[in-house]
Amino acid sequence: MNTRSVFVWFSRISASLFLLLACVPQSACADSLTIPPVRSFPFDVSRGDSTLDVEIQIREYRNYYFALQFDYAGRDDEYRVEKLVGGGSTYPDGKYEKPGIIAPIRLKIVRMDGDSSGGSKVIYEDIVESQGHYVHGFTEIKFNGHYRRMLVGIALKPGLYRVHMNAIRDSTEFVGTP
């Protein structure tokens with residue numbers, strides 16, 4: 001399955017990207033500042049049968065952000081995607097002013113080496129009603145960019161994790177949105 005992200009460009013498909021973003025610790029010195037790479041995996045939020053099951057190795061204890069990314073190409077596509085994804089402004093109670101099309105996603109994070117016997121341990125499991133966006137980014141190509149929807153931010157200790165994610169229902173409005 002082809003996909004594209006901010007760093008690698010492939011052909012366009014009707015899928016969003018599931019992202020694992022690493023937060024840079026505020027205590028990092030400018031001389032030794034290293035920014036961990038963004039890991040992206042193809043995930044089609046428009047199809048209710050979409051699933052993602054990946055293992056990730058965490059090497060540093062810090063906050064990691066799990067998010068959906070929706071790319072656009074050109075101004076017209078940007079406006080179309082923004083209507084689907086919704087706005088970024090929220091009310092004091094945390095609800096989005098313009099939530100866009102809500103896409104329920106089941107997310108489960110399991111630590112594979114989680115207990116002393118070597119068994120697995122569920123770190124996070126919930127159905128997230130993804131809506132609105134928290135990031136609007138641009139690419140080096142004029143009028144191309146992306147919106148990101150936060151699923152969860154969570155502190156993870158070093159170890160091996162399995163991330164399982166699936167769309168709860170069809171969100172056909174997102175068909176054609178990479």
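So, what does the secondary structure of the chain come to? One helix and nine strands. Before I go on, keep in mind that this is a predicted model.

Let's walk along the sequence. The pattern reads β-β-β-β-α-β-β-β-β-β, with the helix, H1, at residues 75-85.

Now some overall numbers. The chain has 178 residues, and 41% of them are buried. For the surface people: about 9,600 Å² is exposed, and carbon and sulfur atoms supply 52% of that. As for contacts, take the ones between residues at least 6 apart in sequence: 72% of those join residues at least 24 apart.

Okay, on to the sheet. Four of the strands make an open sheet, and the order across it is S3-S9-S5-S6, with antiparallel pairing. At the edges you've got S3, residues 51-58, and S6, residues 121-130, each pairing on one side only. From one strand to the next, the twist averages 15 degrees.

Let me zoom in on one pair in there, S5 and S6. S5 covers residues 103-111, and its antiparallel pairing with S6 runs over nine bridges. One example you can click on: Ile105 has Val128 in S6 as its bridge partner.

Right beside that in the sequence is a residue I'd like to spend a minute on, Ile127, which lies in strand S6. Is Ile127 buried or partly exposed? Its relative accessibility is 38%, so it counts as partly exposed; the buried class needs under 20%. Who does Ile127 touch, if we skip residues up to four places away in sequence? That would be Pro104, Ile105, Arg106 and Ile168. Take Arg106 from that group: 21 residues separate it from Ile127 in sequence, yet the C-alpha to C-alpha distance is 4.2 Å.

Last stop, the inside. As a general point, nonpolar side chains in soluble globular proteins tend to be buried together. In this model, the largest nonpolar core has 31 residues. Which residues have the most contacts inside it? Phe66 and Leu107. And plenty of elements feed into this core: S2 (39-43), S3, S4 (62-73), H1, S5, S6, S8 (144-156) and S9 (159-167) each supply at least two residues. Looking back at the sheet, its strands S3, S9, S5 and S6 are among those contributors, and so is the helix.

That's my tour. If you have the model open, try starting from Ile127 in S6 and stepping across to Arg106, 4.2 Å away by C-alpha.

Notes
Residues numbered from 1 in each chain as written. Predicted model: local features only at pLDDT ≥ 70, side-chain atom pairs only at ≥ 80, totals over all residues. Heavy atoms only, no water. Buried < 20%, exposed > 50% of the residue type's maximum accessible area, 1.4 Å probe, protein only. Contact = heavy atoms within 4.5 Å. Areas by Shrake-Rupley, 256 points an atom, 1.4 Å probe, with all protein chains shown as cover. Pairing = 2+ DSSP bridges. Axes fitted to C-alpha atoms, helices over the stretch in contact; angles between N-to-C directions. Core = buried A, V, L, I, M, F, W, Y, C linked by side-chain atoms within 4.5 Å.
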